[in-house]
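Trainee: I am new to this structure and would like a close look at one part of it. Could you take me through the sheets slowly, and then add a helix for contrast?

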Amino acid sequence: MEQQISMFEREVPQPLAARLRPETIDEIVGQQHLLGRGKVLRRIIEQDMVSSMIFWGPPGVGKTTLANVIANQTKSKFINFSAVTSGIKEIRAVMQQAEDNRRFGEKTIVFVDEIHRFNKAQQDAFLPFVEKGSIILIGATTENPSFEVNGALLSRCKVFVLRALSEEEITSLLRRALKSEKGFGEEKIEISEDVLRLIANFANGDARTALSTLEMAVLNGEYEDGSTKVSKETVEECTSRKSLLYDKNGEEHYNLISALHKSMRNSDPDAAVYWLARMLEAGEDPLYIARRVTRFASEDVGLADPRALELAVAAYQACHLIGMPECSVHLTQAVVYLSLAPKSNALYMAYETAKKDAIEQLSEPVPLHIRNAVTSLMGELGYGKGYQYAHDTDEKLTDMRCLPDSLQGREYYKPTNQGLEGRFADRLESIKKWKKEHSGN
């Protein structure tokens with residue numbers, strides 16, 4: 001009976017992503033900044049000089065794949081360890097095994113998937129063995145290791161940042177899946193380049209998602225006369241994205257972000273939330289939207305509501321920490337807040353006006369009295385001479401000029417009376433009035 005079960009298990013096909021998992025560096029798609037010819041990580045693997053390291057990157061970019069390549073090419077004993085299912089007891093057992101291997105002159109590489117899921121005590125259990133060289137630790141994490149990995153352990157590991165795959169890299173991977181004997185190479189699959197790019201776009205840099213989507217689309221394709229046809233409609237049904245899918249580098253991408261931006265500027269929260277949903281449900285990167293929302297907070301709200309920037313940055317951090325779909329509500333909060341906030345483009349206009357003068361007068365010297373005299377020679381040349389320290393006055397103000405002579409009297413920041421910026425306008429007016437009354441000229 002046991003033998004029959006084993007035979008049955010062997011007949012169960014692996015998922016496409018597992019069948020196509022690379023076994024050598026050259027089979028890996030993407031990460032050329034680390035694995036290209038002559039790059040540091042490639043040299044480390046090829047020369048079997050692996051030391052403790054952490055792979056940090058979003059899901060589906062090759063963290064576990066790299067660990068498997070190292071397992072295939074290293075002369076060390078390789079132990080695969082999951083942070084999800086293992087505790088202190090399992091860690092100690094593995095460490096004891098590694099210590100025994102060391103006594104026999106054999107290196108042990110321990111790969112810990114999702115190392116950020118380990119608590120401090122569990123991470124501390126690895127530390128002495130890493131320190132004395134009993135193990136080489138390779139961790140994989142989707143979270144920033146600066147926050148999720150103990151400082152002592154992190155300081156003994158080299159961190160390699162893996163990037164989300166580009167649309168072209170994922171499309172190339174999908175083509176390989178269609179041709180490879182491990183994939184669909186022995187089947188006749190009809191699928192257009194546009195549909196492949198649709199899948200790549202939906203995957204949003206995640207190779208595993210792309211391969212799983214392709215596999216699902218093929219399984220649900222129209223089979224006729226020995227051939228399986230995969231249409232756009234098949235992919236849309238499999239991804240529940242339908243016509244929402246769009247090219248993130250194409251015109252519709254920019255049309256939608258423009259619609260969101262202008263809806264917020266026009267103080268229309270309903271339209272803003274709609275355009276936000278259109279982008280997120282089409283597979284747009286939430287971090288891209290969060291960056292644009294953060295820009296809006298200063299460009300279109302600014303000091304009319306200084307909290308707008310704080311909220312936008314908080315939304316970006318939330319998107320980074322938890323991703324989709326959970327972060328959709330954080331972006332909605334930011335978008336609604338910014339839509340309802342008082343509007344001012346005074347900061348944007350201030351910089352744009354100052355930028356024009358800065359470009360045209362790049363050679364204009366800094367006035368001597370606001371230069372820093374860091375050497376005695378600079379002091380002899382007049383650096384800092386005549387500088388007035390505002391904190392020495394009761395008003396915390398002086399009549400000292402800080403613009404170059406050719407720009408005296410120029411006004412870049414012209415506050416509005418919207419929201420809290422009205423207070424800044426009053427404050428600026430009082431400062432200018434005081435300086436005019438106390439001017440030595």
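Mentor: Here is a walk through two sheets, then one helix, and last a residue in a loop. Please keep in mind that this is a predicted model.

Let us start with the sheet of five strands. This open sheet has the order β2-β3-β4-β1-β5, and its pairing is parallel. At its edges you will find β2, residues 77–82, and β5, residues 158–161, each of which pairs on one side only. From one strand to the next, the twist averages 20°.

Now zoom in on the β2 edge. The neighbour there is β3, residues 108–113, and six bridges join this strand to β2, the two running parallel. If you would like a pair to find on screen, take K77, whose bridge partner in β3 is T108. A helix belongs to this corner too: α6, residues 88–103, lies across both β2 and β3. Its direction makes an angle of about 175° with β2.

The second sheet is also open, but it has three strands, in the order β6-β8-β7, and its pairing is mixed. Here β6 (189–191) and β7 (222–224) stand at the edges with a single partner strand each, so one side of each has no neighbour in the sheet. The twist in this sheet averages 25° from one strand to the next.

Where does the mixed pairing show itself? Look at each side of β8, residues 227–230, in turn. Three bridges join β8 to β6, and these two strands run parallel; I191 has V230 of β8 as its bridge partner. Three bridges also join β8 to β7, but that pair runs antiparallel. On that side, E222 has K229 of β8 as its bridge partner. The hairpin of β7 and β8 has two residues between its strands, and D225 takes a positive phi there, near 55°.

For the helix, let us choose α17. With 16 residues, 307–322, at 1.5 Å a residue, α17 should span 22 Å, and the 23 Å between its end C-alpha atoms agrees with that. Which residues of α17 are buried? They are A308, L311, A312, A315, A318 and C319. Viewed down the axis of α17, these buried residues fall within an arc of 120°, so they line one face of the helix. The numbering fits a general rule: an α-helix has 3.6 residues a turn, so residues three or four places apart point the same way. Among the elements that cover the buried residues of α17 are α16 (286–301) and α18 (328–340). Just after α17 comes G323, with a positive phi near 65°.

Finally, try finding G384, in the loop between α20 (376–380) and α21 (421–437). Is G384 buried or partly exposed? With a relative accessibility of 24%, G384 counts as partly exposed, because buried would mean under 20%. Leaving aside residues up to four places away in sequence, G384 touches L368, H369 and R371. There is also P367, which is 17 residues from G384 in sequence, with 8.9 Å between their C-alpha atoms.

Terms used: Residues are numbered from 1 along each chain as its sequence is written. This is a predicted model: local features need pLDDT of at least 70, side-chain atom pairs count only at pLDDT 80 or more; totals for chains, interfaces and linings use all residues. Side-chain values use heavy atoms; hydrogens and water are left out. Helices (H or I, at least four residues) and strands (E, at least two) are DSSP runs, numbered from the N terminus. The expected span of a helix is 1.5 Å times one less than its number of residues. Buried means under 20% relative accessible area, exposed over 50%, partly exposed in between (1.4 Å probe, protein chains only). The arc is that of the directions from the helix axis to the C-beta atoms. Contact means heavy atoms within 4.5 Å. Two strands pair if DSSP finds at least two bridges between them. Axes are lines fitted to C-alpha atoms, for helices over the stretch in contact, and angles run from 0 to 180 degrees between N-to-C directions.
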